[in-house]
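This text walks through one protein chain, from its overall layout to single residues. Please keep the sequence and the 3D view at hand while reading.

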Amino acid sequence: MTQTRLRTPPTYEQLRTMTGQELGVSDWTTVDQSRIDQFAECTGDRQWIHVDPERAKRQSPFRATIAHGYLTLSIIGALALDMGIVPENTQAVFNYGFDKVRFLAPVRAGARIRLRITLLSMEDKGPGQYLMKAANIVEIEGEQKPALTAETLVMLYERRRRRAGA
């Protein structure tokens, strides 16, 4: 697969015309055991399949610890921001929710993942407010099956323009 990255962030006008188009592909990021352990500590989900490499090696069907599905899901936001898909004149970006989240393959400790995003819709929600819906695929390096697919809903707030003389 060819990696595509936006050179400059799109404008809101451009995003409105990009429905159905791939917005980009992130760089690879490593999901190592330290990251998994930090997530386990933060959330309290210390299930052995995530945090006990020796036991996972012996008893897990994956023969290694795996990342929490929610850890993999939570990485989407950071990867998307790093891709430069948010217009420069954006004041704020808020997670509005997810649709159709599916965890398809485990992310083994040490694996590298990346994000592929396709714009599904860009809906005006009021002056300077837009609801962006995007299809996200988290790919695992060297694997045929993606880690997950999810439709993200993100509310974007355009920076207000100052009135002349104000």
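**From layout to single residues**

Read from the N terminus, the elements of the protein chain follow the order α-β-β-α-α-α-α-β-β-β-β. That comes to five helices and six strands. The model is a predicted one. Along the principal axes, the C-alpha atoms of the protein chain fill a box of roughly 70 × 35 × 25 Å.

Two further values describe the chain as a whole. Of the 166 residues in the protein chain, 39% are buried. Among contacts in the protein chain with a separation of 6 or more, 69% are between residues 24 or more positions apart.

Part of the chain carries an annotation. The unreviewed UniProt entry gives "domain: MaoC-like" for residues 18-128. In the model, this span is 32% helix and 33% strand. The C-alpha atoms at the two ends of residues 18-128 lie 18 Å apart.

Next comes the largest pocket. Its volume is about 330 Å³. How many residues line the largest pocket, and which of them lie nearest its centre? The lining has 19 residues, and I76, G77, A80, V93 and V154 lie nearest the centre. The elements that each give two or more residues to this lining are helix 5 (69-82), strand 3 (90-103), strand 5 (129-140) and strand 6 (148-158). Helix 5 gives the most, with six residues. By residue type, the lining of the largest pocket divides into 14 nonpolar residues, five polar residues and no charged ones.

Strand 4 offers two residues to look at in turn. R116 has its place in this strand, which covers residues 111-126. Is R116 buried or exposed? R116 counts as buried because its relative accessibility is 11%, and the cut-off for buried is under 20%. The side chain of R116 also makes a polar contact, at 2.9 Å, with the side chain of E22.

T118 lies in strand 4 as well. With a relative accessible area of 23%, T118 is partly exposed. The reason is that this class takes in values between the buried limit, under 20%, and the exposed limit, over 50%. Which residues does T118 touch, leaving out those up to four places away in sequence? They are G20, Q21, E22, L23, A134 and A135. Q21 shows how sequence and space can part: T118 and Q21 are 97 residues apart in sequence, while their C-alpha atoms are 5.5 Å apart in space. E22 appears in both accounts, as a residue touched by T118 and as the polar contact partner of R116.

The last topic is the backbone angle phi. Most residues other than glycine have a negative phi. R63 has a phi near 60°, a positive value in a residue other than glycine. Where is R63 found? R63 sits in the loop between helix 4 (53-59) and helix 5. K100 is another residue with a positive phi, near 50°, and is likewise not a glycine. K100 is found in strand 3. K100 is exposed because its relative accessible area is 59%, and exposed means over 50%.

Two of the elements named here return from the pocket. Helix 5, which follows the loop that holds R63, is the element that gives the most to the lining of the largest pocket. Strand 3, where K100 is found, is among the elements that give two or more residues to that lining.

How values were computed: Residues are numbered from 1 along each chain as its sequence is written. This is a predicted model: local features need pLDDT of at least 70, side-chain atom pairs count only at pLDDT 80 or more; totals for chains, interfaces and linings use all residues. Side-chain values use heavy atoms; hydrogens and water are left out. On a 1 Å grid over the protein atoms alone, a cavity is a set of points where a 1.4 Å probe fits but cannot get out, and a pocket is an open set with protein on both sides within 12 Å along at least five of seven lines; lining residues have an atom within 4 Å of a point. Grid points are joined across faces, edges and corners, and a volume is the space filled by probe spheres set on the points. Helices (H or I, at least four residues) and strands (E, at least two) are DSSP runs, numbered from the N terminus. Ala, Val, Leu, Ile, Met, Phe, Trp, Tyr, Cys and Pro count as nonpolar, Asp, Glu, Lys and Arg as charged, and the others, Gly among them, as polar. UniProt positions are given in the numbering used here, feature names are shortened, and annotations may be inferred rather than shown by experiment. Buried means under 20% relative accessible area, exposed over 50%, partly exposed in between (1.4 Å probe, protein chains only). A polar contact is a pair of N or O atoms within 3.5 Å; within protein, one must be able to donate a hydrogen and the other to accept it, and residues adjacent in sequence count only if both atoms are side-chain atoms. Contact means heavy atoms within 4.5 Å.
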